[in-house]
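Thank you all for coming; I would like to walk you through one structure this morning, going from its empty spaces to its helix packing and then to a few individual residues. Please have the sequence and the structure open while I talk.

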Amino acid sequence: NLAWQGRATSLSATLRTMLELGNCYLQIAKIHRIQGTRPFSLSAAARAILGLGGWGDDGGKKQLTLQDVAKLIRKKECRRIVVMAGAGISTPSGIPDFRSPGSGLYSNLEQYDIPYPEAIFELTYFFVNPKPFFTLAKELYPGNYRPNYAHYFLRLLHDKGLLLRLYTQNIDGLERAAGIPPDRMVEAHGTFATATCTVCRRKFPGEDFRGDVMADKVPHCRVCTGIVKPDIVFFGEELPQRFFLHLTDFPMADLLFVIGTSLEVEPFASLAGAVRSSVPRVLINRDLVGPFAWQQRYNDIAQLGDVVGGVKKLVELLDWNEEMQALIQKEKEKVGKK
């Protein structure tokens, strides 16, 4: 009995701790959703352990398939598509991810002896030593890489009048390079397309400083000589005002695509749960992530594995192969003429 009481007491304390942690995480997530900042990350596993989600009970409704979604699009029953995109759509273009040991962008910055990899996106460190950030900027600056099949699929959605909005975590500008108009995008973590002086706050086109960045120079303002920083969102900075379009976009959406993202970083990750429960959500990704892992609905579809391969499968089901090839060929010819 004494042994059992000891276990019960220990279990009770553990549950209390878990509940307290859960409340803490919820409060932090709430703050960052309101403020629209970029520093918070909570894994899907942690959410599940803390009881922040569970397997949905949809009353025995038939599980949707990718083929079902393709039919809905072909029959024009889905006309307001929102897309959430992450680094997984850019790695096929040759852009390394951030954290892969040896090949990731963070690993390549070790030569600059930064205190820890994430310091590259912290303002306090940037003002002390901006060089590592501009080394990264040189790698990612628009024009160094070309869009791939997944980007052109998003462009085709736009061309067909189906893309309500693309929300992207990427800062490489490949969605713009694919021809998706800026007004159809929310670049949640910023863009190299514009830049701001850190002293006088003057705005500049990002292209004005491309020469300096490519020449390994820190760009300076022509007016006050302050350091000019591309409008990339650093940790703790407010997200762009356009991010708050999600308040109207997601309730209007009739289909959500989540492509190539880990759904780890808040407040971006929470957007996956912002569509109505009747709206199909399609994950095209290497792994199950976010609510697809811990709060699955009957109308959630997960196409796992290679991202480009998953997009190609959907294009085949939509019978858009010829249109995709024509679009890609046209864009290649444009690049050749430049």
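Before I give any volumes, let me say that a cavity here is a set of points on a 1 Å grid where a 1.4 Å probe fits but cannot get out, and that its volume is the space filled by probe spheres set on those points. Please also keep in mind that what you are looking at is a predicted model.

With that in hand, how many cavities of 30 Å³ or more does the structure hold? There are two of them, and the largest has a volume of about 40 Å³. Around that largest cavity you will find Lys131, Phe134, Thr135, Val213, Asp216 and Lys217, and helix α6, which covers residues 131–140, supplies the largest share of this lining with three residues. Sorted by class, the lining of the largest cavity has three charged residues, two nonpolar ones and one polar one.

The second largest cavity, with a volume of about 30 Å³, is lined by Tyr141, Ala195, Phe209, Val213, Pro219, Val228, Lys229 and Pro230. Here it is strand β7, residues 228–232, that gives the most to the lining, again with three residues, and the classes come out as seven nonpolar, no polar and one charged. You may have noticed Val213 in both lists, since this residue lines the largest cavity and also the second largest one.

Let me turn from cavities to pockets, and in particular to the second largest pocket, whose volume is about 500 Å³. Its lining is made up of 28 residues, and those closest to the centre of the pocket are Thr194, Lys203, Asp231, Val233 and Pro240. Which elements give two or more residues to this lining? They are α5 (123–128), β4 (185–187), β5, β6 and β7, and the largest share, five residues, comes from β5. By class, the lining of this pocket divides into 13 nonpolar, six polar and nine charged residues.

Next, helix packing, where I have chosen one pair: helix α7, residues 149–159, and helix α12, residues 307–318, have axes that come within 9 Å and cross at roughly 40°, and the crossing is left-handed. On the α7 side the contact involves Tyr149, Ala150 and Phe153, which meet Val308, Val311, Lys312, Leu314, Val315 and Leu318 in α12. Taken by class, this contact has eight nonpolar residues, no polar ones and one charged one.

Now to a record: in an unreviewed UniProt entry, the annotation "binding site" covers Cys197, Cys200, Cys221 and Cys224. Why can we say that these residues gather at one spot? Although they span 28 residues in sequence, no two of their C-alpha atoms are more than 8.5 Å apart, so they do come together at one spot. One of these cysteines, Cys200, is found in the loop between β5 (190–197) and β6 (203–205).

I will finish with two details of the backbone. A cis peptide bond joins Glu266 and Pro267, with omega at about 5°, and Pro267 is found in the loop between β9 (265–266) and β10 (281–285). The other detail is Lys76, which has a positive phi of about 60° although it is not a glycine, and which lies in the loop between α3 (66–74) and β2 (81–85).

How values were computed. Residues are numbered from 1 along each chain as its sequence is written. This is a predicted model: local features need pLDDT of at least 70, side-chain atom pairs count only at pLDDT 80 or more; totals for chains, interfaces and linings use all residues. Side-chain values use heavy atoms; hydrogens and water are left out. On a 1 Å grid over the protein atoms alone, a cavity is a set of points where a 1.4 Å probe fits but cannot get out, and a pocket is an open set with protein on both sides within 12 Å along at least five of seven lines; lining residues have an atom within 4 Å of a point. Helices (H or I, at least four residues) and strands (E, at least two) are DSSP runs, numbered from the N terminus. Ala, Val, Leu, Ile, Met, Phe, Trp, Tyr, Cys and Pro count as nonpolar, Asp, Glu, Lys and Arg as charged, and the others, Gly among them, as polar. Axes are lines fitted to C-alpha atoms, for helices over the stretch in contact, and angles run from 0 to 180 degrees between N-to-C directions. A crossing is left-handed if the near helix is turned anticlockwise from the far one by less than a right angle, and right-handed if clockwise. Contact means heavy atoms within 4.5 Å. UniProt positions are given in the numbering used here, feature names are shortened, and annotations may be inferred rather than shown by experiment.
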